[in-house]
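Q: Could you take a close look at one part of this model with me? I would like to follow the charged side chains and see how they pair up.

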Amino acid sequence: MDNIDQRILNELEANGRLSIVELAARVNLTNTPCSERVKRLEKNGYIKGYSAIVDKERIGLALLTVVQVSLTATAEQSLEKFNEAVRNVPEIESCLMVAGS
């Protein structure tokens, strides 16, 4: 990964709907090399996918709740079970692990 790849990632992170033409112009490449770089970044897992930012308020989900969950064990197997359980709840957008007091 070089500086151009990083610029491509930054541009797509800000606006994943950029056309290759617009993206190429923003990172000072021609269309074909830019397209090839994007495909390589996707193939190598730097770009995991593309998504839309949905207005939660407009669809009746304006409430954000932060919940603290304390686990009795933090061994890898326990964390994997927790991760598996929360993946099955579509309303959960993210989980953060905080260690210590």
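To start, in which helix do arginine 26 and glutamate 22 both lie, and how many residues apart are they?

A: Happy to, bearing in mind that this is a predicted model. Arginine 26 and glutamate 22 share helix α2, where they sit 4 residues apart, or about one turn of the helix. Their side chains meet in a salt bridge, with 2.8 Å from N to O. Glutamate 22 has a relative accessibility of 35% and counts as partly exposed; arginine 26, at 38%, is also classed as partly exposed.

Arginine 26 has another partner to look at. Glutamate 11 forms a salt bridge with arginine 26, and the closest N and O atoms of that pair are 3.0 Å apart. Here the link is between distant parts of the chain, since glutamate 11 belongs to helix α1 and arginine 26 to helix α2 (residues 20-26), with their positions 15 residues apart. Glutamate 11 is partly exposed, at 23% relative accessibility.

From there, let us move on to arginine 37. The side chains of arginine 37 and aspartate 5 come together in a salt bridge of 2.8 Å, N to O. Arginine 37 is part of helix α3 (residues 31-43) and aspartate 5 is part of helix α1 (residues 3-14), so this pair ties together parts of the chain that are 32 residues apart in sequence. The two side chains are also joined by a polar contact of 2.8 Å.

How covered are these two residues? Being buried takes a relative accessible area under 20%. Arginine 37 has 18%, so it counts as buried, and aspartate 5, at 2% relative accessibility, is buried as well.

The surroundings of arginine 37 fill in the picture. Leaving aside its neighbours within four places in sequence, arginine 37 is in contact with Asp2, Ile4, Asp5, Ile8 and Leu29. Two residues from that list, Asp2 and Asp5, turn up again in a network of salt bridges that links them with Arg37 and Arg40.

As background, side chains of opposite charge can pair when their charged atoms come close. In total, the structure holds 6 salt bridges, among them the pairing of arginine 37 with aspartate 5, that of glutamate 11 with arginine 26, and that of arginine 26 with glutamate 22. If you trace them in the viewer, helix α2 is the place to find the arginine 26 and glutamate 22 pair, while the bridge from arginine 37 to aspartate 5 takes you from helix α3 to helix α1.

Terms used. Residues are numbered from 1 along each chain as its sequence is written. This is a predicted model: local features need pLDDT of at least 70, side-chain atom pairs count only at pLDDT 80 or more; totals for chains, interfaces and linings use all residues. Side-chain values use heavy atoms; hydrogens and water are left out. A salt bridge is a side-chain nitrogen of Lys or Arg within 4 Å of a carboxyl oxygen of Asp or Glu. Helices (H or I, at least four residues) and strands (E, at least two) are DSSP runs, numbered from the N terminus. Buried means under 20% relative accessible area, exposed over 50%, partly exposed in between (1.4 Å probe, protein chains only). A polar contact is a pair of N or O atoms within 3.5 Å; within protein, one must be able to donate a hydrogen and the other to accept it, and residues adjacent in sequence count only if both atoms are side-chain atoms. Contact means heavy atoms within 4.5 Å.
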